[in-house]
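This report describes a two-chain model for a reader at the bench. Please keep the sequence and the 3D view at hand while reading.

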2 protein chains.
Amino acid sequence: MTKKTIAFDADDTLWHNEPYFDEAQEKFCELFSGFASKQELLTLILNHQVRNLPLYGFGIKAFTLSMIESALDLTNHQLNGQVVEKIIQIGKDLLQKPVELLPEVETVLQALKPKYKLVVATKGDLKDQHRKLHDSGIGHYFHHIEVMSDKKEVDYQKMLGRLDCKPEDFIMIGNSLKSDVLPVLNIGGTGIHIPYHTTWEYEKIDFEIVHDNFKSIHAITEILDFL
Amino acid sequence: MTKKTIAFDADDTLWHNEPYFDEAQEKFCELFSGFASKQELLTLILNHQVRNLPLYGFGIKAFTLSMIESALDLTNHQLNGQVVEKIIQIGKDLLQKPVELLPEVETVLQALKPKYKLVVATKGDLKDQHRKLHDSGIGHYFHHIEVMSDKKEVDYQKMLGRLDCKPEDFIMIGNSLKSDVLPVLNIGGTGIHIPYHTTWEYEKIDFEIVHDNFKSIHAITEILDFL
């Protein structure tokens with residue numbers, strides 16, 4: 001019998017991530033506190049990120065470039081080099097943050113590994129995600145890491161094609177209903193949601209999901225009750 | 001019998017790429033023509049790119065950030081926002097270049113597809129390489145596209161693990177001896193070199209390769225003579 005495949009989102013599912021982004025955005029807001037309110041600054045960055053998605057995709061380099069563009073807007077292009085350097089450094093700091101596993105992640109992987117094919121399915125920068133998986137010390141539990149340029153239905157379908165896995169044999173676990181759950185349900189897979197205490201604005205949805213193949217849990221260990 | 005796997009490098013193997021980078025660097029050099037010679041400017045960018053590789057990896061976003069850092073160096077941080085905007089635009093233009101296939105690429109893929117598992121194995125930006133494969137119109141010839149954070153031996157070994165492919169059943173075709181040929185020979189695969197008329201400084205090596213599993217050819221159609 002073919003093993004079912006369980007894919008884990010990485011950021012804020014296996015390890016902490018969003019707090020680092022929040023901290024980075026705080027630093028940006030401090031640099032431009034005289035220009036606009038914090039909320040306006042955050043919205044400006046987000047708008048640039050979303051507008052740049054088709055060209056840049058996800059990840060920290062895209063975030064850095066979007067911060068620079070936001071700074072150009074704010075200063076009407078009267079931005080000085082020292083500030084540009086500081087923004088670039090905010091991005092580089094993010095790329096070097098320690099990888100801190102969420103509680104019980106390793107216990108769960110250890111229990112699942114004999115019975116399932118485990119993969120990591122994440123967006124973000126290729127190099128950065130590989131680095132984090134390496135630094136996490138849990139790389140050996142996974143068949144492979146799939147860094148995806150997006151997490152739409154078509155992206156999951158391509159991944160399943162490569163993994164030679166039928167949708168009904170695919171379980172995705174992550175903290176984003178929009179990226180980790182909805183598209184997977186739509187292609188016939190199972191989606192398990194583990195909310196993280198803070199969510200990137202872009203990943204939020206404003207409706208409830210009701211679906212036979214959907215589960216929402218509070219702690220990663222709960223998946224052992226039914227897998 | 002398992003099909004052998006043939007992996008094609010993408011940039012300057014399947015489609016033109018380096019001339020676009022050269023053109024982008026030209027534009028940067030025009031912006032800073034009063035600051036240093038063209039050769040010095042190119043060396044400066046390259047040094048930043050190489051220094052940033054461990055954090056940024058390969059690709060256009062990394063290149064853009066490295067151009068900005070080079071500009072900060074050149075101006076002793078007295079860089080104005082208009083110029084930063086122009087540099088960002090150089091990067092965005094690169095991300096939107098048309099994909100122009102090299103001659104006879106499609107003929108060769110058509111001939112090989114029934115007999116081999118074909119993949120694309122490339123460095124660069126995830127989103128950008130997926131976009132180019134899509135725009136190229138040749139995506140359907142490939143089992144999948146593997147965007148690699150580097151092309152060292154360990155990276156190839158990981159890829160072969162995922163593809164369930166033994167090194168002796170693996171053939172890599174590309175324009176870089178350093179990235180497409182040497183590491184593949186070192187892990188027991190076959191490396192085929194098709195030089196492109198211009199090579200990125202970083203990819204150059206200064207010795208000859210002599211190896212039973214190595215072939216150098218001038219046009220992609222030549223591989224049909226022995227595959």
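Glu104(B) counts as partly exposed because it has 14 C-beta neighbours inside 10 Å; in these terms a residue is buried if 20 or more other C-beta atoms lie within 10 Å of its own, exposed if 12 or fewer, and partly exposed in between, with C-beta atoms placed from the backbone. Glu104(B) is found in the loop between helix H4 (81–94) and helix H5 (105–112) of chain B, where helices (H or I, at least four residues) and strands (E, at least two) are DSSP runs, numbered from the N terminus. The phi of Glu104(B) is positive, near 70°, in a residue other than glycine.

The model is a predicted one, in which local features need pLDDT of at least 70 and side-chain atom pairs count only at pLDDT 80 or more, while totals for chains, interfaces and linings use all residues. Residues are numbered from 1 along each chain as its sequence is written, and chains are lettered from A and ligands numbered from 1 in the order in which they are written.

**Selected residues of chain A**

The counterpart residue in chain A is listed here with two others, each with its place and its count of C-beta neighbours.

| Residue | Place in chain A | C-beta neighbours inside 10 Å | Class |
|---|---|---|---|
| Glu104(A) | loop between H4 and helix H5 (105–112) | 13 C-beta atoms within 10 Å | partly exposed |
| Asn186(A) | helix H8 (residues 177–186) | 15 C-beta neighbours inside 10 Å | partly exposed |
| Met67(A) | helix H3 | 27 C-beta neighbours inside 10 Å | buried |

Glu104(A) also has a positive phi, near 70°, although it is a residue other than glycine. For Asn186(A), the C-alpha atom is separated by 9.8 Å from that of Pro167(A), and the two residues are 19 residues apart along the chain.

**The two chains and their contact**

Chain A is superposed on chain B by a rotation of 180° with 0.0 Å of shift along its axis, at an RMSD of 0.0 Å, the fit being by least squares on the C-alpha atoms of residues with pLDDT of at least 70 in both copies. The two copies are thus related as by a two-fold rotation axis. Within chain A, the C-alpha nearest that axis belongs to Asn80(A), at 2.8 Å from it. Both copies use the same surface, since 100% of the contact residues of chain A recur in chain B; two residues are in contact if their C-beta atoms, placed from the backbone, lie within 7 Å.

How many residues does each chain bring to this contact? Chain A gives 29 residues and chain B gives 29 residues. Among the elements of chain A that each supply at least two residues of this side are helix H2 (38–56), helix H6 (126–136) and strand E3 (144–147), but the largest share, seven residues, comes from H3(A). By class, the side of chain A that touches chain B has twelve nonpolar, ten polar and seven charged residues, where Ala, Val, Leu, Ile, Met, Phe, Trp, Tyr, Cys and Pro count as nonpolar, Asp, Glu, Lys and Arg as charged, and the others, Gly among them, as polar.

**Helix H3 of chain A**

H3(A) is mostly covered, with 13 of its 15 residues buried. Its end C-alpha atoms are 21 Å apart, which agrees with the 21 Å that its 15 residues should span at 1.5 Å a residue, the expected span being 1.5 Å times one less than the number of residues. Asn76(A), whose phi is positive, near 50°, follows the helix.

Met67(A), in H3 of chain A, is in contact with Phe28(A), Ile45(A), Ile87(A) and Ile90(A) when its neighbours within four places in sequence are left aside. Met67(A) and Gly91(A), 24 residues apart in sequence, are 9.1 Å apart in space, C-alpha to C-alpha.

**Domains and strands of chain A**

An automatic or database domain assignment gives chain A domain 1 (5–16 + 100–225) and domain 2 (18–94). Taken over C-alpha atoms, the centres of these two domains of chain A are separated by 27 Å. The contact between them takes 13 residues from domain 1 and eleven residues from domain 2.

In strand E1 (residues 5–8) of chain A, Thr5(A) and Ala7(A) point one way and Ile6(A) and Phe8(A) the other way, and all are buried. E1(A) runs parallel to strand E2 (residues 117–122) of chain A, joined by four bridges, and Ile6(A) stands opposite Leu118(A) in E2(A); two strands pair if DSSP finds at least two bridges between them. E1(A) also pairs in the parallel sense with strand E4 (residues 170–174) of chain A over four bridges, where Phe8(A) has Ile173(A) as its bridge partner.
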